[in-house]
Amino acid sequence: MQSIGEVHRIMFSLFGLDLSFAPEMLFVTWIVMGVLVLLGYLGGRNLSEVPGGLQNFWEVIISFLDELVQSTLGRNGRRYTPLISTIFLFVLFSNLLAIIPRLEEPTKFLSTDLALGIMVFIVVHFSAVRSLGFKGYLKHYCDPVFLFAPLHIVGEMAKLVSHSFRLFGNILGGSIIMVILGYLSKNLFLPIILQLFFVLLAGSIQALVFTVLAVTYISLWRKEEGH
């Protein structure tokens, strides 16, 4: 086992490739998933026409995300609401995990953000094929002439990279800033207040930005279809 910074990684080789595995990342990821499952169960076990407590909490969030999806993709795009809601909630709760001492946010690990970006990438292009048809999908890469195909491919890959690295960079950068502030102002109460403010505000904003970008990438292909 090798330690890189404060994150312990297990180094191994697979087919000649040097890879690393961070048990801590899986641990905190399962914590987030467990919390979401528990809150979902508690909020949905006793549904009522007049919501209260957790049911009201979930209805506010899901209603907001549903309006976001419909305003961007139209009513037919409502089938993406469950996926978009899951992405938002997972990223949000992952970012908020930094409030708990000695726990690292899953989104602080590039592998988590890249996995989320790849998932969105697959959904976007599967949706494009479904909406445009396979011929229409390939035609996009040849617009205006087939010589532009490599540029279009690079552009799509750039979206994947920027989508993943934007979240990774912002969360990691925020963590570094808080560490620096902690060292510069030891034994002061101010860093705790700043940390709570940054985690709650910046964590929520980054979750929303990642989610909005996912919806936007889906809508780009649907716009070309004429929606």
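**A note on cavities, a helix pair and a salt bridge**

1. Let's begin with the lining of the second largest cavity: by class, this lining has four nonpolar residues, three polar ones and one charged one. Please keep in mind as you read that the model is predicted.

2. Which residues line the second largest cavity? You can pick them out as His163, Arg166, Leu167, Asn170, Gln206, Val209, Phe210 and Leu213. Two or more of these lining residues come from each of α5 and α6. The volume of the second largest cavity is about 40 Å³.

3. How many cavities of 30 Å³ or more does the structure hold? There are two, and the largest cavity contains about 90 Å³ of space. As general background, empty space left among atoms shows up when a probe the size of a water molecule is rolled over them.

4. Now look around the largest cavity. Its lining is made of Gly117, Val120, Phe121, Val124, His125, Glu156, Lys159, Leu160, His163, Tyr217 and Trp221. You may recognise His163, since this residue appears in the linings of both cavities. By class, the lining of the largest cavity splits into six nonpolar, three polar and two charged residues.

5. Which helix gives the most to the lining of the largest cavity? That is α4, with five residues. At least two lining residues come from each of α4 (110–141), α5 (149–184) and α6 (190–224).

6. Next, follow α4 to its contact with α3. In general, a pair of packed helices is described by the distance between their axes and the angle between them. Here the axes of α3 (residues 81–96) and α4 come within 12 Å and cross at roughly 170 degrees. Because of that angle, α3 is roughly antiparallel to α4.

7. What meets what in this helix pair? From α3 come Leu83, Ile87, Phe90 and Val91, and they meet Thr112, Leu116, Met119, Val120 and Val123 of α4. Sorted by class, the contact has eight nonpolar residues, one polar and no charged. Val120 is worth a second look, as it takes part in this contact and also lines the largest cavity.

8. Finally, the charges. Side chains of opposite charge can pair when their charged atoms come close. The structure holds three salt bridges. One of them joins Arg78 and Asp66, whose closest N and O atoms are 3.0 Å apart. Arg78 sits in the loop between α2 (54–73) and α3, while Asp66 belongs to helix α2, so the pair ties together parts that are twelve residues apart in sequence.

Key: Residues numbered from 1 in each chain as written. Predicted model: local features only at pLDDT ≥ 70, side-chain atom pairs only at ≥ 80, totals over all residues. Heavy atoms only, no water. 1 Å grid on protein atoms, 1.4 Å probe; cavity = no way out; pocket = protein on both sides within 12 Å on 5 of 7 lines; lining within 4 Å. Points joined across faces, edges and corners; volume = space filled by probe spheres on them. Helix = DSSP H or I, 4+ residues; strand = E, 2+ residues; numbered from the N terminus. Nonpolar A, V, L, I, M, F, W, Y, C, P; charged D, E, K, R; others polar. Axes fitted to C-alpha atoms, helices over the stretch in contact; angles between N-to-C directions. Parallel < 35°, antiparallel > 145°, perpendicular 65-115°, else oblique. Contact = heavy atoms within 4.5 Å. Salt bridge = Lys/Arg side-chain N within 4 Å of Asp/Glu carboxyl O.
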